[in-house]
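Here are a few friendly notes to read alongside the model. They begin with the strands and then turn to charged pairs and the surface.

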Amino acid sequence: MDLEIGFWNARFGLYGEPGMVEARLRLTGQAIKQFPGARLTTTRYDAQDGQHLHAAEIDEKDRTVQVGHPSLAAYDVVQFRGRNGGHLDFSPIVPARGQDVYDFYLEAKALSAERGFDFFVGFHNYPRRLAHINLIAFDRDDEAQCKNARDLFEAIVAAAKRHGYSGYRPHVDYMELVGEQYDWNDHALRRFTSRIKTLLDPGGIISPGKHGIWSASGVQGD
């Protein structure tokens with residue numbers, strides 16, 4: 001509490017006409033009050049004279065991608081374990097149900113602790129699904145951290161597989177591994193996408209192997 005932040009945090013924006021924003025904020029506040037100890041803090045920005053609100057009118061601390069302003073601020077997190085920082089993340093798509101999300105959170109957190117990593121997860125929630133973004137920050141100058149980061153990534157992939165989940169945006173080094181998880185009906189999805197790839201790119205020269213999808217005549221690397 002010294003930093004005025006909680007163990008769980010959520011950041012979001014409400015947009016629209018002033019009356020709509022006020023109504024949505026009231027309903028949001030009512031929902032948050034259902035959680036013991038929860039607190040809602042707000043900052044409001046209104047356009048002048050009914051015009052569109054521009055990013056330049058918003059305080060720099062709030063001028064994030066939520067207001068359509070590109071930023072590299074999130075990049076600083078990769079230096080958490082060292083100045084020459086790097087990161088991996090495995091982001092499975094999980095049902096948007098509290099118990100499912102929490103169960104996988106506990107398992108991924110335990111796997112991180114076993115390999116000496118602080119657990120850093122972000123939940124991107126949508127009506128029917130949630131992106132369970134597990135970020136693994138490491139020092140690229142530390143050989144042990146690099147190895148443990150790779151081991152942790154593969155362990156979380158395996159854990160997700162046991163739950164029936166897989167990721168949607170793997171690192172290029174792991175596209176084959178993650179693509180392998182989509183194995184329903186003898187990898188029907190991969191066979192289908194590979195047939196389309198072969199028709200559109202018979203020589204296999206456009207992004208060969210991206211997400212584990214190869215043309216039938218494409219040359220696969222070692």
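1. A good place to start is the hairpin that joins S3 to S4 through three residues. This is a predicted model, so please read every point below in that light. Strand S3 covers residues 120-125, and strand S4 covers residues 129-139. The two pair in the antiparallel sense over six bridges. If you would like one pair to look up on screen, Phe123 has His132 in S4 as its bridge partner.

2. Stay with S4 for a moment, as several of these notes come back to that strand. How many of its 11 residues are buried? The count is 10, and S4 is thus mostly covered.

3. Strand S1, residues 85-90, also pairs with S4: six bridges join them, and the two run antiparallel. Two pairs let you follow the register. Gly86 has Phe138 in S4 as its bridge partner, while Leu88 is partnered by Ile136 in S4. S1 has five of its six residues buried, so the strand is largely enclosed by the rest of the structure.

4. Strand S2, residues 93-95, is joined to S4 by three bridges, again with the strands running antiparallel. Here the pair to look at is Val94, which stands opposite Leu130 in S4.

5. Now to the charges. Side chains of opposite charge can pair when their charged atoms come close. A search of the whole structure finds 12 salt bridges, and the next points take up a few of them.

6. In helix H3, residues 143-163, Asp151 and Lys147 lie four residues apart, about one turn of the helix. Their side chains meet in a salt bridge, with 2.8 Å from N to O. Are these two residues buried, exposed or partly exposed? Asp151 counts as partly exposed because its relative accessibility is 30%, and Lys147 is also partly exposed, with a relative accessible area of 46%.

7. Lys61 and Asp62 form a salt bridge too, their closest N and O atoms being 2.9 Å apart. The two partners make a nice contrast in setting. Lys61 has 58% relative accessibility and therefore counts as exposed, whereas Asp62, at 14%, counts as buried.

8. The side chains of Lys197 and Asp201 meet in a salt bridge as well, at 3.0 Å from N to O. Lys197 counts as buried at 15% relative accessibility. Asp201 is likewise buried, because its relative accessibility is 6% and the cut-off is under 20%. Elsewhere, salt bridges that share partners join Arg11, Lys61 and Asp62 into one network, which is worth displaying together with the pair in point 7.

9. Lastly, a look at the surface. Which residues form a nonpolar patch there? They are Tyr182, Leu189, Phe192, Ile196, Leu199 and Leu200, and together they have about 660 Å² of accessible area. Among them, Phe192 is found in helix H5, residues 184-200.

Note on methods:
Residues numbered from 1 in each chain as written. Predicted model: local features only at pLDDT ≥ 70, side-chain atom pairs only at ≥ 80, totals over all residues. Heavy atoms only, no water. Salt bridge = Lys/Arg side-chain N within 4 Å of Asp/Glu carboxyl O. Buried < 20%, exposed > 50% of the residue type's maximum accessible area, 1.4 Å probe, protein only. Pairing = 2+ DSSP bridges. Patch = residues over 30% accessible without salt bridge, like charges linked within 9 Å, V, L, I, M, F, W, Y side chains within 5 Å. Areas by Shrake-Rupley, 256 points an atom, 1.4 Å probe, with all protein chains shown as cover.
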